[in-house]
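Visitor: I should like to go through the assignments in this model one at a time. Please set each against its definition.

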Amino acid sequence: MRVSSELPRTTTAIPGAGGPGSPLKTVHEMVAPELCGPVLDAGCGEGRLASVLAGRITWVGLDCSFTQLAANPFRPLVSGDMTSLPFRDVSFAEVTHLWCLYHLERPVAALTEAKRVLRPGGHYFACTAARDNDPEIMPEGYPPTSFDAEEAVSVVASVFEDVDAELWDGKYFPLSTHDEVRAYCRHNYIPSERAEQAEAPLWLTKHGVLVCARGP
Ligand SMILES: C[S@@+](CC[C@H](N)C(=O)[O-])C[C@H]1O[C@@H](n2cnc3c(N)ncnc32)[C@H](O)[C@@H]1O
């Protein structure tokens, strides 16, 4: 499976896989065909996975942010903490943690909960960017988080036994003008001087990982 990345550590979705000239795909678009439902989309945000699923399967979204929940048009939505899920054991065929575990001090707590609510043989998905993402504008790398691509597999493997990973590494994300570079930096809390130093047009190199695991 080839996977795209997203703008690093933000609530927005994004980029594409395949490099310059190839069709863009998000992680949501890559994961959606793998799902049979019911799926728990933990840290669902504004509902990007649900928008790709388009009602094809049973989806349940959970998030702790009222702002994100208010912006999410899909149902059912549950207000809750992914480290203490308000669901019975073995309730879901799949659990996803897309672009969210790096918000937690202890991602293992959320992984343990995901495993608890997964049905036997169910599937788990998580994704994240690497510290050396976007080297064209962040040559020194991003500050470490609790769930960077560099350690994501071992963190997931500390909870799940059957773990697989798809890494991505390529010039996947085009920024055509300086205004686009500036907007990208603003959106990702990257110091504005980086935008001025960058040469446009450019293709950002995206480094990240989609980790997949099978439930007990
Ligand atoms: C970067 S957004 C990703 C949203 C969505 N998964 C996506 O791929 O577009 C991260 C989301 O995780 C949520 N989140 C962070 N910590 C959480 C927690 N402990 N429990 C539930 N949601 C959490 C945030 O509110 C936010 O909506």
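Visitor: What makes strand β1 and strand β2 a pair?

Guide: Two strands pair if DSSP finds at least two bridges between them. Four bridges join β1 (residues 39-42) to β2 (residues 59-63), so the two count as paired. They run parallel, and aspartate 41 stands opposite glycine 61 in β2. Strands here are DSSP runs of E with at least two residues, helices runs of H or I with at least four, numbered from the N terminus. This is a predicted model, in which local features need pLDDT of at least 70, side-chain atom pairs count only at pLDDT 80 or more, and totals for chains, interfaces and linings use all residues. Residues are numbered from 1 along each chain as its sequence is written.

Visitor: Why are β3 and β6 said to stand at the edges?

Guide: The open sheet has seven strands in the order β3-β2-β1-β4-β5-β7-β6, with mixed pairing. β3 (77-79) and β6 (162-175) each have a single partner strand, so one side of each is left without a neighbour in the sheet.

Visitor: Why are Val181, Tyr184 and Cys185 in helix α6 placed on the same side?

Guide: These residues of α6 (residues 178-187) are buried, that is, 20 or more other C-beta atoms, placed from the backbone, lie within 10 Å of their own (exposed: 12 or fewer; partly exposed: in between). They cover an arc of only 95 degrees around the axis, which puts them on the same side of α6; the arc is that of the directions from the helix axis to the C-beta atoms.

Visitor: Which exposed residues does the face turned away from the buried side of α6 carry?

Guide: That face carries Asp179 and Arg186.
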